[in-house]
Amino acid sequence: MSRIVYVNGEYLPEEKAKISVFDRGFLFSDGVYEVISVLNGKLIDTRGHMLRLNRSLGELDMAAPCSAVEIESIVKKLVAENSVEQGLVYLQITRGAADRDFFYPENPSPTLVMFTQSKNLLDDPNAEQGIDVITVPDLRWQRRDIKSVGLLYPCMAKMEAKMAGAKDAWMLDADGYVTEGTSNNAWIITQEGTIVTRQLSNDILHGITRKAVMALAGENDFSVEQRPFTPAEAYEAAEAFVTSATTFVMPVVKIDAAAIGNGLPGEMTGKLREIYIDMALRTE
Ligand code: PDD
């Protein structure tokens, strides 16, 4: 049975789902997206994702095709239609189809597309072993707080990581500080046990998992600092990890040529992963 995807009001087998060649998402990357994880058939932190979606739309002066409540019910229906127990929902809104013109169309008819991916997120072997990352310059645009579908540079950076035998890349701003991973937020834990991640600004995506982990770290009396850090500081860190909706808390065991700590996933990282997953599994 083929996967059912959602396109502009219709639930269709994926082979039948089509959008216009004039869609501005296709021509200009004029669109925004969200990725929401699914555990036990339930969506994790939908509210946070909907709030960020609205913010991304607002920053781009882009209309939504329907309300956040309606979007949420479509997401739920799609997860049920595809019997997703574990995995993710991808949803994308673009400014819709219009004859090619850099100016926004006057009466846009936004496109809403959604699909699901079934995936084992809990027993990810990368979480057991930890991942290696390399550092690369951050060559993206300067509104990284908007979850735009313009992801070519993150694809290039991930390919560079793959060529170097690593799983991902951490990107560096012009001053040499880590911004974030190609599709996740970057964190280190100092030798003194302080958890460090870059503060929110236009330089990084305001991760929904980042926010949840920050709250859980506080509740568990871990000390957290929000500030930039350099690769040099990260090489000397006791632990490192990344967060995202699809990886939760994922240990990083090597950055460039430097093994982090003893080169194995860190203890505090493991604890944070555990408490994050516990919290997610308690989602109603
Ligand atoms: N990426 N930073 C970037 C650049 C991201 O693309 C993502 C998410 C994050 C983490 O955000 P969150 O915790 O809300 O997932 C940080 C998604 C998973 C993706 O593009 O597939």
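## Where the ligand sits

The ligand sits in the largest pocket. Here a pocket is an open set of points on a 1 Å grid over the protein atoms alone, with protein on both sides within 12 Å along at least five of seven lines, and sitting in it requires more than half of the ligand's atoms within 2 Å of its grid points. This is a predicted model, in which local features need pLDDT of at least 70, side-chain atom pairs count only at pLDDT 80 or more, and totals for linings use all residues. Residues are numbered from 1 along each chain, and side-chain values use heavy atoms, without hydrogens and water.

Let's look around the ligand. Its shell has 20 residues, each with a heavy atom within 4 Å; Y33, R52, E180, T209 and A245 are the closest. By class, five are nonpolar, 11 polar and four charged.

The table lists polar contacts (pairs of N or O atoms within 3.5 Å).

| Residue | Protein part | Ligand atom | Distance |
|---|---|---|---|
| T209 | side-chain N or O | oxygen | 2.6 Å |
| A245 | backbone N or O | oxygen | 2.8 Å |
| S183 | polar backbone atom | nitrogen | 3.3 Å |

The protein buries 90% of the 470 Å² that the ligand exposes when taken alone (Shrake-Rupley method, 1.4 Å probe).

Key. A polar contact is a pair of N or O atoms within 3.5 Å; within protein, one must be able to donate a hydrogen and the other to accept it, and residues adjacent in sequence count only if both atoms are side-chain atoms. On a 1 Å grid over the protein atoms alone, a cavity is a set of points where a 1.4 Å probe fits but cannot get out, and a pocket is an open set with protein on both sides within 12 Å along at least five of seven lines; lining residues have an atom within 4 Å of a point. Ala, Val, Leu, Ile, Met, Phe, Trp, Tyr, Cys and Pro count as nonpolar, Asp, Glu, Lys and Arg as charged, and the others, Gly among them, as polar.
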